[in-house]
Amino acid sequence: MNYNIFCDFHHESLYLSFKLLFEKRLNGKVYRPIGLEWFTEGYWKIAEPYDNNVNTVSQFLVSNSQPFPDSKPLNDNISDCITLEQFKAMDIDIVIATIPAHFIAYAELIKKYKPTAKLICHYGNNWIMGNYQQDNVMASIMPQPIPNNVNTVFYHQEFDTNIFCYKEPTISNCISSFINVFDGFPDAQLFYEVEKLMPDYKFRIYGAVGRDGVINGEQNIANSIHNSKFVWHLKKDGDGFGHIIHNIFACGRPAIVKREYYKGQLAEYLMEDGVTCIEVDGLTTQQIVDKLLRYSEPSEYIKLCQNASERFKQIVNFDEEFEEIKIFLDKLL
């Protein structure tokens, strides 16, 4: 279909999912913004929750800015980045807004500069769709009622299942977390308490301001998941779609979760306590430790790993969903 697509680069995993869809599957080209003009002219609002902190703006819009210590720049590869002036001069078929603040801003952008382009409003978090006006919606969240006149597709954000794939577990005593700003979540203290009671295990916290640093790149993240015995993912209110939680299951490693955090979210369908994951809702620290040790036994553990991978394949089929997305794209309003 050879679309030229512009999207706002909300976060890397979402952006890569658009690359897989529009470039690998549809032979198009995906572009993202670079240059402070996007911000100063009101077409980039991702930093608004952070009081438009200049460092946050620069992290996304200035080449070679580093978002977190020890990480590579978000715009390290700028071949797909375009300035506002370049956007104005290009043929653009589709504009994708991935946060509500851009739904209106990008509608204005299209009206002013690209009147033939189509706007897609993307939902990757559990925003209520009825709060916004839109014609075309891609939603990687639990389906919810929408007006009949809105062109909509519900789907899972794609990632590379040749990278995030099942591998036989190795001998490992590592329990890893990939939650950004880990200490900001209410279960951080529980993690540290479990760690103290399991001295034979290595506990790792990866991500923004995590004590073990940031892991960049899909392959490196997948390797770290594969090299973990369990992945701690107690992320209250933190996921709509949730790349990491889906990555964990695709890799066939048992996630440590609280089921209550996933009620009404896509990843809920992946979870079955003692079958595909380890649920710790309502458990004391010692009960969690006992449960982890029980499921560390080889016969129990290998079943968990295999079941997690199989459950992912049962729930998520990117090829089938692509057929639905093509229908959605053919009906863009």
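The following paragraphs describe helix packing, aromatic pairs, buried residues and backbone geometry in a predicted model.

Two packed helices are described by the angle between their axes and the distance between the axes. Helix α7, spanning residues 218–226, packs against helix α8, spanning residues 243–251, at an angle of about 60°, and the two axes are 10 Å apart. Because angles from 65 to 115 degrees are needed for a roughly perpendicular arrangement, α7 is classed as oblique to α8. The crossing in which α7 passes α8 is right-handed. On the side of α7, the contact is formed by Ile 221, Ile 225 and His 226, and on the side of α8 by Ile 244, Asn 247, Ile 248 and Cys 251. By class, five of the residues in this contact of α7 with α8 are nonpolar and two are polar, while none is charged.

His 226, which lies in helix α7, counts as buried, because its relative accessibility of 5% falls under the 20% limit. With residues up to four places away in sequence left out, His 226 touches Cys 251 and Arg 253, and also Ile 163, Cys 165 and Lys 167. Cys 251 belongs to the α8 side of the helix contact described above.

Helix α8 also meets helix α10, which comprises residues 298–315; the axes of these two helices come within 6 Å and cross at roughly 115°. Here His 246, Phe 249 and Ala 250 in α8 meet Ala 308, Ser 309 and Phe 312 in α10. The contact of α8 with α10 contains four nonpolar residues and two polar ones, and again no charged residues.

Attention now turns to the aromatic residues. A pair of aromatic rings is described by the distance of the centres and the angle of the planes. With ring centres required to lie within 6.5 Å, the count comes to 21 aromatic pairs. In one of these pairs, the rings of Phe 191 and Trp 232 have centres 5.2 Å apart and planes at 85°, so the arrangement is edge-to-face. Phe 191 is located in helix α6, residues 188–197, and Trp 232 in strand β10, residues 230–232, so the pair ties together parts that are 41 residues apart in sequence. Both partners are buried, Phe 191 with a relative accessible area of 0% and Trp 232 with a relative accessibility of 1%. A second edge-to-face pair is that of Phe 312 and Phe 318, assigned as such because the ring centres are 6.4 Å apart and the planes lie at 65°. Phe 312, at 5% relative accessibility, counts as buried, and so does Phe 318, at 10%. Phe 312 is also one of the α10 residues that meet α8. Beyond individual pairs, Phe 191 and Trp 232 join Phe 182, Tyr 192 and Phe 203 in one aromatic cluster.

Another aromatic residue, Tyr 106, lies in helix α5, which runs over residues 100–113, and is buried, with a relative accessible area of 0%. When neighbours within four places in sequence are left aside, the residues in contact with Tyr 106 are Phe 6, Asp 8, Tyr 43, Val 95, Ile 96, Ala 97 and Leu 119. Between Tyr 106 and Arg 311, the separation is 205 residues in sequence and 38 Å in space, taken from C-alpha to C-alpha.

Burial can also be followed along a whole helix. In helix α3, residues 54–61, six of the eight residues are buried, so this helix is largely enclosed by the rest of the structure. The buried residues of α3 are Thr 56, Val 57, Ser 58, Gln 59, Phe 60 and Leu 61. Among the elements that cover these buried residues are strand β2, residues 29–33, and helix α2, residues 37–40.

Finally, the backbone was examined for unusual phi angles. Most residues other than glycine have a negative phi, and most peptide bonds are trans. Asn 27, although not a glycine, has a positive phi of about 60°, and its place is in the loop between α1, residues 12–25, and β2. With a relative accessibility of 53%, Asn 27 counts as exposed. Val 209, likewise not a glycine, has a positive phi of about 55°; its place is in the loop between β9, residues 202–205, and α7. Val 209 counts as exposed, at 64% relative accessibility.

Note on methods: Residues are numbered from 1 along each chain as its sequence is written. This is a predicted model: local features need pLDDT of at least 70, side-chain atom pairs count only at pLDDT 80 or more; totals for chains, interfaces and linings use all residues. Side-chain values use heavy atoms; hydrogens and water are left out. Axes are lines fitted to C-alpha atoms, for helices over the stretch in contact, and angles run from 0 to 180 degrees between N-to-C directions. Helices (H or I, at least four residues) and strands (E, at least two) are DSSP runs, numbered from the N terminus. Angles under 35 degrees count as roughly parallel, over 145 as roughly antiparallel, 65 to 115 as roughly perpendicular and the rest as oblique. A crossing is left-handed if the near helix is turned anticlockwise from the far one by less than a right angle, and right-handed if clockwise. Contact means heavy atoms within 4.5 Å. Ala, Val, Leu, Ile, Met, Phe, Trp, Tyr, Cys and Pro count as nonpolar, Asp, Glu, Lys and Arg as charged, and the others, Gly among them, as polar. Rings of Phe, Tyr and Trp (its six-membered ring) pair if their centres lie within 6.5 Å; planes under 30 degrees apart count as stacked, over 60 as edge-to-face and the rest as tilted. Buried means under 20% relative accessible area, exposed over 50%, partly exposed in between (1.4 Å probe, protein chains only).
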